[in-house]
Amino acid sequence: TDPSVIRNFCIIAHIDHGKSTLADRMLQCTGVVQPRDMKAQYLDRMDIERERGITIKSQAVRMPWEVDGVDYALNMIDTPGHVDFSYEVSRSLASCEGAILLVDAAQGIEAQTLANLYLAMEHELEIIPVLNKIDLPAADPDRYAAELAQLIGCEPEDVLRVSGKTGVGVPELLDRVVTSLPAPVGQADAPARAMIFDSVYDTYRGVVTYVRVVDGRLTPREKIRMMSTGAAHELLEIGVSSPEPQPTEGLGVGEVGYLITGVKDVRQSKVGDTVTLESDPAEQEIGGYRDPQPMVFSGLYPIDGSDYPVLRDALDKLKLNDAALNYEPETSVALGFGFRVGFLGLLHLEIVRERLEREFDLDLISTMPNVVYQVTTEDRTVVEVTNPSEFPEGKIHEVREPMAAATIIVPAEFIGAVMELCQSKRGHLQGMDYLSEERVEIRYRIPLAEIVFDFFDSLKSRTKGYASLNWGADGDQAADLVKVDILLQGDQVDAFSAITHRDFAYSYGTMMTAKLKELIPRQQFEVPIQAAIGSRIIARENIRAIRKDVLSKCYGGDISRKRKLLEKQKEGKKRMKMVGTVEVPQEAFIAALSSD
Ligand code: GTP
């Protein structure tokens with residue numbers, strides 16, 4: 001295809017502003033999907049995505065569209081909407097010349113609208129501002145057109161008004177994609193270079209890699225090379241999705257499509273990598289490739305210890321489709337054999353956990369998530385800590401924690417509530433701007449550890465659900481962080497150790513000891529439960545002793561009855577874990593680790 005008739009674009013929006021609905025409507029309008037084949041949210045493939053209504057993986061669809069008698073090929077590249085997947089978002093944006101900035105006409109600009117807009121501007125994309133859901137009775141398009149126009153510096157009349165639901169305004173929007181976005185440019189006779197913006201494992205076809213060709217041309221049967229690793233593979237099939245895969249004779253400058261090489265693991269075909277030809281390789285990669293960085297770690301353990309091999313196989317399978325997932329075996333005194341797993345963020349953790357439970361029928365327990373700390377000991381050794389149990393004993397010179405830059409958008413009446421929350425989470429105010437008279441953008445720098453856990457829920461509840469949040473990594477800082485251990489009868493219970501700021505150590509200690517006092521049954525001796533920083537005890541509870549003499553009820557005589565009772569007691573003990581001399585039912589660990 002001649003690059004002059006190609007338009008590559010993506011839709012960027014805040015969650016729930018209607019991106020998938022609009023994408024579906026475009027597929028229908030351009031005729032690539034017949035109304036009778038339309039299932040809601042065609043582009044969201046995984047069940048979990050469809051159920052949660054979020055988009056995790058991006059994909060591209062080619063749609064024909066005619067303007068003034070010329071046939072154009074519009075490539076719509078789907079971008080994941082959640083901050084956990086920001087690197088994938090940036091690669092999708094880098095594959096486009098323009099973006100549709102979609103805003104709910106009843107909500108206005110939200111935090112992810114801004115975050116995505118700034119990313120799109122960094123990639124120098126042409127922006128088409130669009131208000132969606134104008135069919136809603138609550139829509140206030142005049143007001144939000146003004147807001148949007150002010151934000152991106154255009155006239156309110158330039159803001160298109162559509163409804164993904166009814167289809168109003170969608171043909172005009174497609175026309176606008178053709179007329180206002182630039183055609184892709186590249187060197188047709190240069191060595192081939194294509195950027196990978198998505199890579200998906202398919203049981204039947206192996207890894208399907210989505211690329212945007214920048215220079216040259218890729219054709220089937222050639223050997224291609226991944227520039228980050230130098231690995232070479234034969235190109236078995238190349239084609240475009242429309243939206244079902246259609247093999248083609250090749251892809252040239254500006255084209256978007258898929259490649260199949262027969263590799264079986266998405267790690268061999270990494271998002272952000274550059275594909276070139278083995279026979280005539282390009283010298284320079286397109287935009288630097290970056291490995292996905294896990295930000296949050298958590299231990300995953302099967303509740304039934306015999307499920308450990310199933311868990312290992314399940315993780316191996318998920319990894320084929322998720323280059324950001326990494327894990328290594330770990331053992332815990334309290335929980336047995338499991339894995340320490342790294343995630344991009346909490347949503348990523350939830351998705352992986354849900355898939356393991358649902359697709360592999362596993363019952364899992366996850367330990368408290370934590371971020372990655374850099375700990376420098378007295379002798380200046382630096383230790384990277386992803387698990388509280390790795391926190392060095394003895395004197396510490398410095399602990400550094402990762403930071404996040406958070407952007408919060410709220411109605412002005414909630415400024416006080418938001419600031420109070422951020423302050424209590426050790427945040428530092430960076431700035432504040434009024435988007436309009438009643439809506440404010442507030443920027444904070446906050447430790448990642450404080451933001452990735454229950455922050456969003458607290459924010460929502462303090463602002464009656466009106467706040468929206470976006471965050472990105474923002475370097476690190478030295479902080480007064482300590483490891484709090486929980487001891488039963490003087491023995492440390494590894495799964496309960498936590499790294500917290502010194503100011504929060506006491507509240508963690510008293511909360512955990514009180515919880516465990518409720519959960520652990522009385523034993524034949526008194527059991528102290530303590531919370532400690534190093535050798536210093538900061539909280540303590542006692543479980544009083546009982547003497548449970550089960551045999552006393554049997555009046556001596558009936559020996560078989562006695563034996564039965566003893567057997568039964570043994571059964572019960574299987575579900576018990578020994579911590580030193582203390583018996584703890586596994587349920588107690590599970591309950592103590594659950595977040596409420
Ligand atoms: P994420 O994938 O989570 O980012 O959401 P999304 O932006 O793709 O939103 P989605 O298309 O799932 O729409 C969110 C909700 O808004 C759904 O309940 C849609 O039915 C509804 N919706 C989308 N477009 C319109 C519209 O034009 N009018 C009305 N009334 N509702 C709409």
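## Two nonpolar cores

A nonpolar core is a set of buried Ala, Val, Leu, Ile, Met, Phe, Trp, Tyr and Cys residues joined through side-chain atoms within 4.5 Å. In this predicted model, the largest such core has 49 residues. If you want to find its best-connected members, look for Leu-356, Tyr-373, Ile-408, Ile-451, Phe-455 and Trp-471, which have the most contacts inside it. Another core, of 34 residues, lies apart from that one, and Ile-109, Ile-127, Leu-131 and Val-159 are among its members.

## Salt bridges across the chain

Opposite charges are worth a look here too: the structure holds 29 salt bridges. One of them joins Arg-212 to Glu-97, with the closest N and O atoms 2.9 Å apart. These partners are 115 residues apart and link distant parts of the chain: Arg-212 sits in strand E8 (residues 206-215), and Glu-97 in the loop between helix H3 (86-94) and strand E4 (98-104). Both Arg-212 and Glu-97 are buried.

Asp-104 pairs with Lys-133, and here the closest N and O atoms are 3.2 Å apart. Because Asp-104 belongs to strand E4 and Lys-133 to the loop between strand E5 (126-132) and helix H5 (141-152), this salt bridge ties together parts that are 29 residues apart in sequence. Asp-104 is buried, at 4% relative accessibility, while Lys-133 is partly exposed, with a relative accessible area of 21%.

Glu-278 and Arg-225 form another salt bridge, with 3.0 Å between the closest N and O atoms. Glu-278 lies in the loop between strand E14 (274-277) and strand E15 (296-302) and Arg-225 in strand E9 (residues 223-226), so parts 53 residues apart in sequence are tied together. Glu-278 is partly exposed at 32%, and Arg-225 is partly exposed at 28%. Elsewhere, Glu-110, Glu-147 and Arg-439 are linked in a network of salt bridges.

## A negative patch on the surface

Glu-66, Asp-68, Asp-71, Glu-172 and Asp-175 form a negative surface patch. Within this group, Glu-172 lies in helix H6 (residues 170-180) and is partly exposed, with a relative accessible area of 46%. Asp-68 is found in the loop between strand E2 (60-67) and strand E3 (70-77). With 75% relative accessibility, Asp-68 counts as exposed.

## Two loop residues with positive phi

Most residues other than glycine have a negative phi. Asp-68 from the patch, though not a glycine, has a positive phi of about 50°. Gln-489 also has a positive phi, of about 55°. Gln-489 lies in the loop between strand E25 (481-488) and strand E26 (491-492), and is partly exposed at 29% relative accessible area.

Terms used:
Residues numbered from 1 in each chain as written. Predicted model: local features only at pLDDT ≥ 70, side-chain atom pairs only at ≥ 80, totals over all residues. Heavy atoms only, no water. Buried < 20%, exposed > 50% of the residue type's maximum accessible area, 1.4 Å probe, protein only. Patch = residues over 30% accessible without salt bridge, like charges linked within 9 Å, V, L, I, M, F, W, Y side chains within 5 Å. Areas by Shrake-Rupley, 256 points an atom, 1.4 Å probe, with all protein chains shown as cover. Salt bridge = Lys/Arg side-chain N within 4 Å of Asp/Glu carboxyl O. Lys, Arg positive; Asp, Glu negative; His and termini not counted. Charge placed at Lys NZ, Arg CZ, Asp CG, Glu CD. Helix = DSSP H or I, 4+ residues; strand = E, 2+ residues; numbered from the N terminus.
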